[in-house]
Amino acid sequence: MQAQSTSTMTWDPWQPVPYEQTEGAPMLLHGEVANHYRGSIEGEGVQQVLIALSPGGESVFTALERVTGRIGDRSGSFVLRITGTTGGGAAKAALEVLEGSGTDGLSGLHGTGTYFCDNPGPDGHATLTLDHSFE
């Protein structure tokens with residue numbers, strides 16, 4: 001049965017680190033960020049993110065994140081594959097639960113979702129929505 005869960009996602013302060021820069025081209029950065037989920041999804045996550053930052057300040061990013069916690073009355077962990085963009089003071093992303101990544105009570109978790117943030121700074125938060133089911 002398909003269900004929808006929503007949470008507010010906040011994060012600890014973090015600073016992406018440049019690892020490659022070519023004049024006139026996007027700068028490439030990577031970083032690690034700790035996320036906190038409160039709502040239908042409760043838990044903590046650690047995200048590894050790669051970013052391509054344009055000279056104008058917009059970026060595209062891709063990440064993997066292991067989330068440990070609960071969805072409803074089921075507890076365990078799962079991995080999200082995340083792709084998104086930032087620009088104009090907002091960030092948005094598409095999420096996919098990595099097949100076979102659910103553990104314990106979250107074993108068999110499948111799902112896709114989104115998040116949106118209109119204040120992506122250090123004190124920001126995002127609204128995350130995940131449409132999901134279990135095998």
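## β8 and its partners

Let's start with β8 and strand β9 (residues 125–134): the two pair in the antiparallel sense, over eight bridges. One spot to look at is Gly113, whose bridge partner in β9 is Leu130. Keep in mind that this is a predicted model.

β8 also pairs with β7, again antiparallel, and here six bridges do the joining. On that side, Tyr115 of β8 sits opposite Ala93.

## Two faces of one strand

Side chains in a regular strand alternate between the two faces of the sheet. Walk along β8 and you can list its faces separately. The covered face has Leu109, Gly111, Gly113, Tyr115 and Cys117. His110, Thr112, Thr114 and Phe116 make up the uncovered one.

## The loop before β8

Between β7 (90–97) and β8 (109–117) runs a loop, and Asp104 lies in it. Take a look at the backbone here: Asp104 has a positive phi of about 50 degrees, although this residue is not a glycine. Is Asp104 buried or exposed? Its relative accessible area is 67%, and the cut-off for exposed is over 50%, so Asp104 counts as exposed.

## Around Glu42

Glu42 belongs to strand β4 (residues 41–53). With a relative accessible area of 26%, Glu42 is partly exposed. A polar atom of its side chain lies 3.0 Å from the backbone nitrogen of Gly39.

Which residues does Glu42 touch, once its neighbours within four places in sequence are left aside? The contacts are Tyr37, Thr68, Gly69 and Arg70. For a sense of the fold around this residue, try Ser75: Glu42 and Ser75 are 33 residues apart in sequence, with 9.3 Å between their C-alpha atoms.

## The largest pocket

The largest pocket has a volume of about 610 Å³. Its lining counts 28 residues, and those nearest the centre are Trp14, Ile51, Thr86, Ala91 and Pro120. By class, the lining has 18 nonpolar residues, nine polar and one charged.

Which strand gives the largest share of that lining? That would be β4, with four residues. Several strands chip in at least two residues each: β1 (3–11), β3 (27–39), β4, β5 (59–71), β6 (74–87), β7 and β8. So two strands met earlier turn up here again, β8 with its bridges to β7 and β4 as the home of Glu42.

Key
Residues numbered from 1 in each chain as written. Predicted model: local features only at pLDDT ≥ 70, side-chain atom pairs only at ≥ 80, totals over all residues. Heavy atoms only, no water. Buried < 20%, exposed > 50% of the residue type's maximum accessible area, 1.4 Å probe, protein only. Contact = heavy atoms within 4.5 Å. Polar contact = N/O pair within 3.5 Å; in protein donor to acceptor, adjacent residues only side chain to side chain. Pairing = 2+ DSSP bridges. 1 Å grid on protein atoms, 1.4 Å probe; cavity = no way out; pocket = protein on both sides within 12 Å on 5 of 7 lines; lining within 4 Å. Points joined across faces, edges and corners; volume = space filled by probe spheres on them. Nonpolar A, V, L, I, M, F, W, Y, C, P; charged D, E, K, R; others polar.
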